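Please open the model in a viewer and keep the selection tool at hand. The tour below proceeds by selection, with a short account of what is found at each stop.

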Amino acid sequence: MTEFSKKQDRDWKKQRFIGASVCILFVFILLFFRLAYLQIIRGEEYRDLSKKNAVRLKSIKSSRGLIFDRNKKLLVDNRPSFNLKIVLEDAGEVKATIKKLGQFIAVPFQELMESIEQAGNGAVYNPITLKNDISRDQLAIVEAHKFDLPGIHIDIEPTRYYIYKKTAAHLLGYLGQINSKELKTEKYPNVKSGDSIGRYGIEKQFETYLQGKRGGRQVEVDSSGRIIKILRTIDPVAGFDLNLTLDLDLQQTAEKLLEDKAGAVVAIDPENGDILVLASNPSFDQNDFIGGISQKKWEALLFDPGKPMINKAIQAEYPPASTYKIITAMAALEEKHININTTAYCPGFLDYGNRIYRCWNKHGHGNISVIQAIEQSCDVFFYQAGIKVGVDKLAQYATGCGLGKKTGIVLENEKNGLIPTSAWKKKRYRESWQRGETLSIAIGQGYNLVTPLQMAVLIAAVGNGGTLYRPRIVKTIKDGHGLVIKKNEPEITGGLPASKETLDIVRNGLLKAVQGGRGTARRIRLKNIEIAGKTGTAQVYGIKKDDKRELKDLKYSLRDHAWFVCYAPAKNPVIAISVLVEHGEHGSSTAAPIARALIEQYIQLPLIKKILPE
Amino acid sequence: MFDRRLIKNFDWGFMALIFLIGTIGLGILYSALTAGNETISVHVLFKKQMIWMGAGFIVMMIILMIDFRDLDKINLFIYAFCVGLLISVLIFGQLGGGSRRWLLIGFVRIQPSELMKIALIISLASVYSTSISQTGLNFRKLIKPAILCAIPFVLIVNQPDLGTGLLLLLIAGSITLFVKVERKVLYIISGICLVTAPLLWSGLKTYQKSRILTFLDPDRDPLGAGYHIIQSKIAIGSGMLTGKGFLKGTQNALSFLPEHHTDFILSVLAEEWGLMGSSILLLVYFIFLLWGLNIAYNCRNMFGSILAFGITTMIFWQIFINIGMVMGLMPVVGVPLPLVSYGGSSVITNMVGFGILLNISMRNFS
């Protein structure tokens with residue numbers, strides 16, 4: 001049946017169409033009555049509401065998640081701040097109102113107008129922030145004169161507060177206002193213009209957890225914008241709290257010891273990779289960034305020669321110096337070029353390829369074994385070991401130990417460091433590898449570069465028997481009711497490329513370096529705790545043999561960097577530390593004492609469950 | 001080759017109605033974009049809409065060239081093409097407002113779900129034109145139409161665009177009811193729906209439930225949809241009998257109605273022209289729909305008749321849902337008001353529909 005021909009069919013068709021027309025008519029009558037109801041019966045009422053533009057939406061800021069240390073001490077809090085806002089539509093003569101306001105709170109007229117101009121047009125009903133965080137005095141004046149200031153109101157909103165200023169600043173990070181470009185991306189669905197988002201450190205990396213969710217309120221306002229009635233409210237949801245692995249007390253001690261120096265301290269729990277300390281000095285006050293840092297302060301930070309905006313624990317790369325001998329020893333033992341009994345003779349120098357390579361001890365170490373060589377940091381022993389192993393094999397062990405690549409800490413801009421190979425040099429400089437260069441590499445000078453965090457992860461692995469952990473900062477993420485949202489378990493990233501025998505030899509050498517009679521770090525020995533560690537002095541400037549100047553006469557910026565890496569107690573370590581002091585000259589005298597102080601403080605705490613059963 | 005009767009039979013009256021609605025639409029849009037706002041982007045959108053309408057007109061003319069009976073022959077091809085577009089939107093689509101609805105072709109953004117509506121109507125008309133009977137369709141004859149609906153529905157709901165998906169079902173359902181379904185079948189289907197609905201509901205996740213509840217009751221979301229409805233009602237109500245005058249609307253300006261040039265555009269008309277203005281638009285739409293039904297009724301070809309009915313239904317549901325929504329009678333769905341709301345895909349789709357109606361109307365001779 002593709003066409004209707006019979007009369008009966010035509011009638012049927014007509015009936016269907018009449019039915020459809022009636023349905024449409026019915027719907028249109030319904031729509032018309034609804035229109036009439038809104039526009040005639042309730043017309044007056046709605047006209048009234050529209051005249052006052054009375055029903056508005058007010059956004060309620062959520063409070064950002066809190067950050068705690070491993071002992072549940074609060075590190076980052078929120079405090080109420082009084083923010084001065086204006087709704088242009090209600091303000092009447094905007095300029096006159098602003099002028100009056102400026103006089104009341106002693107803020108230049110121009111400064112207040114600037115924020116209005118920045119907001120642009122198209123926002124007459126949306127509140128514009130004039131000034132964040134006004135003082136109590138300013139608040140009192142504005143409140144007292146509120147009837148002279150139409151359209152001006154004060155919102156009490158939560159603002160970030162870093163309780164310990166400058167403490168763990170690089171780790172915790174800071175906030176900054178979101179810009180219009182970021183608002184356009186859909187990365188921050190809950191953020192509005194004028195809000196702050198994490199810009200650096202944990203604040204940035206955990207933004208989605210910390211942020212929370214905005215609430216809002218439908219309100220009815222009077223002609224000058226004051227709220228008469230709250231129609232409906234949706235409460236904001238606070239952001240999730242972070243529990244860090246950081247130990248606040250230890251962190252503060254480390255920062256205090258670094259105070260007048262430039263450098264970094266990293267302390268790790270060797271059993272799980274927990275970051276106990278991650279300090280970088282000089283530091284900055286995160287509170288300065290809230291509500292926008294002033295141009296002057298920002299420039300001061302940027303041009304400070306100590307580079308406070310760089311997290312030296314993960315972003316600064318240094319030659320590992322003698323701490324690298326751990327790797328050279330490991331490689332030579334594993335490759336069976338030496339064993340525990342192999343000795344080398346050190347006359348204070350090595351003549352290799354028509355060049356003299358000096359040992360740091362110009363009188364020489366005499367006949368020396370690998371354990372003694374680690375203890376006394378004999379360069380000649382490791383020159384010889386390095387020659388036997390070769391640069392590429394050395395690099396293979398270094399990479400296996402986690403050097404030359406990111407540790408995977410959840411912070412931005414972590415540096416890779418550099419472990420040179422002959423192929424790398426060919427590519428980078430278009431030159432072949434010189435055999436003599438292997439000698440520098442073997443004692444951690446030359447092209448080698450590592451970060452303090454990499455060395456901490458490495459020494460922790462030596463201490464715990466060979467397991468490399470990914471550094472963990474955030475242990476758990478909890479919601480406002482304490483419910484665990486996310487738990488980060490310790491994460492093993494690999495194992496040291498060394499057998500138990502090899503590691504035992506290396507560990508023995510490290511123990512002797514502190515506890516032995518001729519150990520390079522014997523001065524930091526503690527009475528009741530055995531420490532195993534390695535010092536290092538990274539050359540910044542090579543002194544020529546005929547140079548008459550003594551080290552101490554050198555300009556600060558040319559002085560050597562001081563390293564110390566260690567773990568304690570030597571048998572069953574609960575803490576592994578890496579210290580780097582820029583231009584600190586000697587690992588044993590500037591870096592090692594910092595580590596000792598941390599060990600003393602940490603191990604005396606009753607916290608260590610392994611020693612004191614629960 | 002060219003049949004003179006085509007010119008003689010051309011439906012000038014319907015064409016005039018289309019122009020009338022288009023002109024009213026542009027007038028309201030101009031006000032919606034201009035009132036209280038001086039930024040340049042306003043004029044850009046208005047110009048864009050003019051361009052879309054011009055393009056739509058050309059598309060409409062092209063459609064007039066083809067005999068609508070040919071659509072019957074290639075209906076499955078059109079259907080498959082649109083389903084292909086829907087699949088590619090899920091894969092390559094542009095993200096906007098949390099869903100993938102648009103496909104970027106060159107520098108034009110198209111919304112395949114809009115074109116799908118027409119394709120589905122053509123296919124259903126083709127199927128029903130052979131299976132229609134006075135006693136109504138039985139289960140067996142409903143299998144093919146059901147599959148034809150299910151495929152695009154699932155694809156669109158996955159974008160996710162629940163509103164357009166449901167609109168598709170409403171259109172298909174109306175056509176099916178119009179061609180008549182056996183009473184027994186109708187009862188059984190209603191029964192099945194009643195029984196399975198609670199089961200489906202309990203199978204949904206909490207956030208899905210809350211999304212659907214907000215969809216049905218905007219007041220559950222007082223900061224989003226609920227707020228729009230309040231502002232829209234204030235705008236409409238405050239227009240009263242005669243309105244505040246062209247470009248004099250205060251509610252439509254700025255921050256009050258975020259969607260005032262697209263989905264909530266009727267509130268601009270109602271505010272500025274009052275009950276008089278908005279009932280005139282209602283009346284014009286009503287005449288337009290009756291005209292569409294008349295075209296369907298007069299068509300002697302069964303495929304053409306059902307097709308014309310389907311297109312008219314499509315326009316009807318858009319009008320009803322949109323106007324119902326801005327007045328707080330319907331859930332808040334992103335359904336534009338035909339030829340009035342700003343939006344290229346909607347203009348083109350509707351123009352294609354009008355083209356088909358005109359096409360059927362002027363070829364109504366044997």
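**First stop: a hairpin in chain A**

Select strand 2 (residues 67–68) and strand 3 (residues 74–86) of chain A, which pair in the antiparallel sense over two bridges. The model is a predicted one, and the features described here should be read in that light. Within this pairing, A:Phe68 has A:Leu74 in strand 3 of chain A as its bridge partner. The two strands form a hairpin with five residues between them. In the turn, select A:Lys72, whose phi is positive, at about 65°.

**The other partners of strand 3**

Keep strand 3 of chain A selected and add strand 5 (residues 152–162) of chain A; eleven bridges join these antiparallel strands. A convenient marker is A:Pro80, whose bridge partner in strand 5 of chain A is A:Pro158. Next add strand 4 (residues 128–131) of chain A, which is also antiparallel to strand 3 of chain A and is joined to it by three bridges. Here A:Ile86 has A:Ile128 in strand 4 of chain A as its bridge partner.

**A five-stranded sheet**

Now move to the open sheet of chain A whose five strands follow the order 12-11-23-22-21, with antiparallel pairing. Which strands stand at the edges? They are strand 12 (274–281) and strand 21 (532–538) of chain A; each has a single partner strand, so one side of each is left without a neighbour in the sheet. From one strand to the next, the twist averages 5°.

At one end of that order, select strand 11 (residues 263–269) of chain A together with strand 12 of chain A. These strands run antiparallel and are joined by seven bridges. A:Asp269 stands opposite A:Asp274 in strand 12 of chain A.

Then display helix 18 (residues 452–464) of chain A. This helix lies across strand 11, strand 22 (561–568) and strand 23 of chain A, and runs at about 150° to strand 23 of chain A.

**A residue in strand 23**

Select A:Ile577, which is placed in strand 23 (residues 575–581) of chain A. Is A:Ile577 buried or exposed? It counts as buried, because 34 C-beta neighbours lie inside 10 Å, where 20 or more suffice.

To see the surroundings, show the contacts of A:Ile577 other than its neighbours within four places in sequence: A:Val265, A:Ala267, A:Ala456, A:Val565, A:Cys566, A:Ala595 and A:Leu598. One of these, A:Ala456, is 121 residues away along the chain, yet the C-alpha atoms of A:Ile577 and A:Ala456 are separated by 5.7 Å.

**Two helices in chain B**

Turn to chain B and select helix 11 (residues 225–238) and helix 12 (residues 265–298). Their axes are 6 Å apart, and the helices pack at an angle of about 30°. Angles under 35 degrees count as roughly parallel, and helix 11 and helix 12 of chain B are therefore roughly parallel to each other.

Which residues meet at this contact? From helix 11 of chain B come B:Ser232, B:Ala235, B:Ile236 and B:Ser238, while helix 12 of chain B supplies B:Ser267, B:Ala270 and B:Glu271. By class, this contact has three nonpolar, three polar and one charged residues.

**Last view: chain A as a whole**

Finally, return to chain A and display it in full. The chain has 20 helices and 23 strands, and 44% of its 614 residues count as buried. Among its contacts between residues at least 6 apart in sequence, 72% join residues at least 24 apart.

Note on methods:
Residues are numbered from 1 along each chain as its sequence is written. Chains are lettered from A and ligands numbered from 1 in the order in which they are written. This is a predicted model: local features need pLDDT of at least 70, side-chain atom pairs count only at pLDDT 80 or more; totals for chains, interfaces and linings use all residues. Helices (H or I, at least four residues) and strands (E, at least two) are DSSP runs, numbered from the N terminus. A residue is buried if 20 or more other C-beta atoms lie within 10 Å of its own, exposed if 12 or fewer, and partly exposed in between; C-beta atoms are placed from the backbone. Two residues are in contact if their C-beta atoms, placed from the backbone, lie within 7 Å. Axes are lines fitted to C-alpha atoms, for helices over the stretch in contact, and angles run from 0 to 180 degrees between N-to-C directions. Angles under 35 degrees count as roughly parallel, over 145 as roughly antiparallel, 65 to 115 as roughly perpendicular and the rest as oblique. Ala, Val, Leu, Ile, Met, Phe, Trp, Tyr, Cys and Pro count as nonpolar, Asp, Glu, Lys and Arg as charged, and the others, Gly among them, as polar. Two strands pair if DSSP finds at least two bridges between them.
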